[in-house]
Amino acid sequence: MPLFDRYAIIDWSAANTPTTGKDSIWIALVERTERDVQLVETVNPSTRSAAMARLRQFFRDALSDGKTVFAGFDFPFGYPKGGAAAVAGEGGWQSLWAFFAEALQDRDDNFSNRFEVTGRLNRERLAFAPMYWGRPMHQEVPGLSVKKPDPYPTALPEKRIAETRTSRAQPVWKLNFTGSVGSQAITGIARLEKLRTDPEFAGKIAVWPFETGFAEAISAPITLAEIYPGLVDIEKGEKSCVDEAQVETLAELFARLDAADGFGTLLAAPRDLQGDDLSTALAEEGWIVGLDQLQEANLAAEKAGGLAAMADSIDDAGYLKDPATIYAESFRIIREEADLSSVPAEAEALAVRMIHACGMTDIVADLSVSDGAIAAGKAALEAGAPILCDSEMVAHGIISANLKQQNKIVCRITDPRTRRIAEKNATTRSAAQVDLWGDELLEGAIVAIGNAPTALFRLLERLEEGAPRPALIIGVPVGFVGAAESKAALLETTYGVPFVTISGRRGGSALAASAVNALAISADET
């Protein structure tokens with residue numbers, strides 16, 4: 001049966017002044033009835049105080065009506081292992097929450113002293129590992145640098161276990177600039193700690209997964225949980241900004257899943273989270289709702305036609321309820337319909353996953369896998385080699401949870417230097433970023449190109465110029481101009497580097513990512 005009656009999805013903000021619109025606080029409130037899921041309200045409060053006032057009323061009304069609530073907030077609920085003890089002087093998430101609730105001054109006009117608090121922590125409690133970084137350039141804070149220190153301390157982990165499973169997540173130690181989840185975590189945790197200890201709500205709130213054992217004990221009237229809207233690609237459509245679209249879409253998706261008895265799957269502990277890692281997540285780090293499932297469902301939605309298709313596939317096919325069954329059936333159909341006779345035995349798993357990514361069994365006729373390519377790719381991953389991607393879509397399509405060595409996924413298309421190189425050389429940013437793959441990074445790496453023919457051309461030029469050899473080139477750029485030609489050049493002149501490619505115009509980011517994922521997963525799982 002469904003776990004909740006009402007749902008709140010909150011896109012948080014650590015802005016220092018009242019603000020609305022993009023990059024501010026957005027709240028979507030949804031109600032599930034016996035017949036339907038209804039969006040009750042979407043609000044864009046200008047301050048954190050106003051946001052909490054609206055949420056308190058939402059919770060108050062639910063309690064009065066005898067309804068249960070799921071509230072998802074998009075900031076980390078915990079710190080990497082050992083972080084709570086270092087910051088708060090005592091281990092455990094409760095100590096961290098209590099510390100920030102006491103130390104942070106967060107006024108009704110959004111001004112907070114978070115930079116002063118973290119600067120003091122760097123100077124004193126974290127003097128052995130001053131992890132915090134990022135502050136406004138105009139604001140001098142002793143102990144707190146504007147940019148990430150180089151070298152960066154290693155005495156504490158930079159990321160939580162959950163954050164190592166997705167290339168999109170930022171570390172909690174980053175306090176300023178794009179993706180500054182550190183400031184969001186500090187201001188958000190302080191507010192939630194005051195909420196859960198308020199006599200009006202005390203004993204009626206449980207924090208997932210710390211107090212619920214993931215999905216083992218979800219019984220409190222109100223459940224607070226950490227979410228990450230960035231796990232799924234959502235277009236803003238007719239909404240004012242992506243933030244608004246994200247909170248509404250996730251709130252409705254979660255409610256629909258719950259109505260179909262599928263939401264519990266997102267709240268359950270991942271099967272491969274065991275032993276010390278499971279204990280760490282439950283004691284201090286926390287987790288992200290649906291982390292692994294939503295990433296894979298997002299890839300399925302891309303192929304099926306968008307996020308709406310994701311919800312339909314969840315409801316109709318039970319995708320999130322039993323993904324292994326869906327995959328097994330898909331792979332059975334592929335092996336039944338595709339002619340794999342020309343594919344080397346060691347490359348069959350890769351071919352199957354690439355077909356699965358595009359839905360076209362006839363790509364096998366155009367698939368070329370050089371001798372030793374599969375072995376070279378697997379060895380590179382096992383050695384912890386980086387994965388260099390030509391686009392963010394390729395990077396986001398790689399399932400981080402399958403990278404046992406936590407291989408670094410690199411895409412520098414948005415690096416400011418890329419634009420300058422592109423303008424100077426009159427080329428594309430995709431090609432320009434290849435110049436930012438330095439010799440040390442390129443040597444022994446896996447290169448995955450699924451979008452830009454110019455990136456593949458530039459890579460081949462660099463190899464001709466004497467650049468270090470990567471371990472494997474996955475060259476499957478898509479398009480009508482240059483795609484076929486760039487892949488033909490790869491086939492003709494590989495400079496001794498093993499490769500995977502698909503001749504002709506067809507290709508794409510999903511294919512490039514699926515090839516990497518295939519290398520990371522053993523053949524018997526396909």
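**Exercise 1. One helix, two sides**

Which residues of helix H15 (residues 416–425) are buried? Work out how they are arranged, keeping in mind that this is a predicted model.

*Solution.*

Step 1. Start with the burial cut-off: a residue counts as buried under 20% relative accessible area. In H15, the residues that qualify are Thr 418, Ile 421 and Ala 422.

Step 2. Now look down the helix axis. The buried residues of H15 fall within an arc of 100°, so they line one face of the helix. A general rule helps here: an α-helix has 3.6 residues a turn, so residues three or four places apart point the same way.

Step 3. Turn to the other side of H15, where Pro 416, Arg 420, Glu 423 and Lys 424 are exposed.

Step 4. Ask what lies over the buried residues. Helix H16 (429–434) is included in what covers the buried residues of H15.

Step 5. Finish with the two ends. At the N-terminal end, Asp 415 acts as a cap, with a side-chain oxygen 2.8 Å from the backbone nitrogen of Arg 417. After H15 comes Ala 426, which has a positive phi, near 55°.

**Exercise 2. A strand and its partners**

Describe how strand S2 (residues 26–32) is enclosed and paired.

*Solution.*

Step 1. Consider burial. Of the seven residues of S2, six are buried, so the strand is largely enclosed by the rest of the structure.

Step 2. Take the pairing with strand S1 (residues 6–11). S1 and S2 run antiparallel and are joined by six bridges. As an example to locate in the viewer, Arg 6 has Glu 31 of S2 as its bridge partner.

Step 3. Take the pairing with strand S3 (residues 37–43). Six bridges connect S2 and S3, also in the antiparallel sense. Here Arg 32 is found opposite Val 37 of S3.

Step 4. Look at the connection: S2 and S3 make a hairpin, with four residues between them.

**Exercise 3. Salt bridges between parts of the chain**

How many salt bridges does the model contain? For three of them, say where the partners sit and how accessible they are.

*Solution.*

Step 1. Apply the cut-off, a side-chain nitrogen of Lys or Arg within 4 Å of a carboxyl oxygen of Asp or Glu. The count comes to 27 salt bridges.

Step 2. Inspect Asp 5 and Arg 32, whose side chains meet in a salt bridge at 3.1 Å, N to O. This pair links distant parts of the chain, 27 residues apart: Asp 5 belongs to the segment before S1, and Arg 32 to strand S2. Both Asp 5 and Arg 32 are buried.

Step 3. Move on to Arg 54 and Glu 41, which form a salt bridge at 2.7 Å, N to O. Arg 54 lies in helix H1 (residues 48–65) and Glu 41 in strand S3, with the two 13 residues apart. Arg 54 is partly exposed, with a relative accessible area of 25%, and Glu 41 is partly exposed at 28%.

Step 4. Next come Glu 348 and Arg 335, with their closest N and O atoms 3.1 Å apart. Their salt bridge connects helix H12 (residues 348–358), home of Glu 348, to helix H11 (residues 323–337), home of Arg 335. Glu 348 is partly exposed, with a relative accessible area of 25%, and Arg 335 is partly exposed at 34%.

Step 5. Close with a network: salt bridges link Asp 435, Arg 458, Glu 461 and Glu 465.

Technical notes. Residues numbered from 1 in each chain as written. Predicted model: local features only at pLDDT ≥ 70, side-chain atom pairs only at ≥ 80, totals over all residues. Heavy atoms only, no water. Buried < 20%, exposed > 50% of the residue type's maximum accessible area, 1.4 Å probe, protein only. Arc of directions from axis to C-beta. Contact = heavy atoms within 4.5 Å. Polar contact = N/O pair within 3.5 Å; in protein donor to acceptor, adjacent residues only side chain to side chain. Pairing = 2+ DSSP bridges.
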